[in-house]
Amino acid sequence: MAIRERLAANIVKLRKDRGWSQEELADRAGLHRTYVSGVERCARNPTITVVEKFAKALEVDLGQLLG
């Protein structure tokens, strides 16, 4: 599995585990909902800064999103 696919799968799993919508995650991460959707579908290639925003919003280590 490619790194973007792992990242997307981990974000989706963590978001759903918390019962959050894409909009809720976007608000918590300071991103637009359509951007979150794009990352989850592997249509976007987020920078490490954006990955860090996801990690902070989800309250996990950066490595948990990429591993």
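Trainee: Let me check I've got this: a helix here is a DSSP run of H or I with at least four residues, and helices are numbered from the N terminus. With that settled, where is Glu-59 found?

Mentor: Glu-59 is in the loop between α4 and α5. Keep in mind as we go that this is a predicted model.

Trainee: Is Glu-59 buried or exposed?

Mentor: Glu-59 is exposed, because its relative accessible area is 72% and the cut-off for exposed is over 50%. Its backbone is worth a look too: Glu-59 is not a glycine, yet its phi is positive, about 55 degrees.

Trainee: Which other residue, not a glycine, has a positive phi, near 65 degrees?

Mentor: That's Cys-42. You'll find Cys-42 just after α3, in the loop between α3 and α4. With a relative accessible area of 23%, Cys-42 is partly exposed. There's a glycine to look at as well: Gly-19 follows α1 and has a positive phi near 75 degrees.

Trainee: Let's switch to α1, then. How many residues does α1 have, and how far does it reach?

Mentor: Helix α1 covers residues 3–17, which is 15 residues, and from its first C-alpha to its last it reaches 21 Å. That is close to the expected span, also 21 Å at 1.5 Å a residue.

Trainee: Which residues of α1 are buried?

Mentor: They are Leu-7, Ala-8, Asn-10, Ile-11, Leu-14 and Arg-15. If you look down the axis of α1, these buried residues fall within an arc of 165 degrees, so they line one face of the helix.

Trainee: And what does the face of α1 turned away from the buried side carry?

Mentor: That face carries the exposed residues Lys-13, Lys-16 and Asp-17. On the buried side, the cover includes α2 (22–29), α3 (33–40), α4 (48–58) and α5 (62–66).

Trainee: Asn-10 caught my eye in that buried list. What is Asn-10 in contact with?

Mentor: Apart from neighbours within four places in sequence, Asn-10 is in contact with Gln-64, Leu-65, Leu-66 and Gly-67. Asn-10 has 19% relative accessibility, so it counts as buried, since the cut-off is under 20%.

Trainee: Now the core. Which residues of the largest nonpolar core touch the most other members?

Mentor: This core has 19 residues, and those touching the most other members are Ile-11, Leu-25, Leu-31, Phe-54, Leu-58 and Leu-65. Two or more residues come from each of α1, α2, α3 and α4. Helix α4 gives the most, with six residues.

Trainee: Why would nonpolar residues be buried together?

Mentor: It fits a general pattern: in soluble globular proteins, nonpolar side chains tend to be buried together.

Trainee: Pick one of those for me. What does Leu-58 touch?

Mentor: Leaving out residues up to four places away in sequence, Leu-58 touches Leu-14, Arg-15, Arg-18, Trp-20, Leu-25 and Leu-65.

Trainee: Leu-25 is in there. How do the axes of α2 and α4 cross?

Mentor: They come within 8 Å and cross at roughly 105 degrees. That makes α2 roughly perpendicular to α4. On the α2 side, the contact is made by Leu-25, Arg-28 and Ala-29, and on the α4 side by Lys-53, Phe-54, Ala-57 and Leu-58.

Trainee: Staying with α4, what is Val-50 in contact with?

Mentor: Val-50 is in contact with Leu-31 and Tyr-35, setting aside neighbours within four places in sequence. Val-50 is in helix α4 and is buried, with a relative accessible area of 12%.

Trainee: Last topic: how many residues of α3 are buried?

Mentor: Six of its eight residues are buried, so α3 is largely enclosed by the rest of the structure. They are Tyr-35, Val-36, Ser-37, Gly-38, Val-39 and Glu-40. What covers them includes α1, α2 and α4.

Trainee: And what does Gly-38 touch?

Mentor: Gly-38 touches Ala-43 and Arg-44, not counting residues up to four places away in sequence. At 2% relative accessibility, Gly-38 counts as buried. Gly-38 and Glu-24 are 14 residues apart in sequence, and their C-alpha atoms are 15 Å apart in space.

Key: Residues numbered from 1 in each chain as written. Predicted model: local features only at pLDDT ≥ 70, side-chain atom pairs only at ≥ 80, totals over all residues. Heavy atoms only, no water. Expected span 1.5 Å × (residues − 1). Buried < 20%, exposed > 50% of the residue type's maximum accessible area, 1.4 Å probe, protein only. Arc of directions from axis to C-beta. Contact = heavy atoms within 4.5 Å. Core = buried A, V, L, I, M, F, W, Y, C linked by side-chain atoms within 4.5 Å. Axes fitted to C-alpha atoms, helices over the stretch in contact; angles between N-to-C directions. Parallel < 35°, antiparallel > 145°, perpendicular 65-115°, else oblique.
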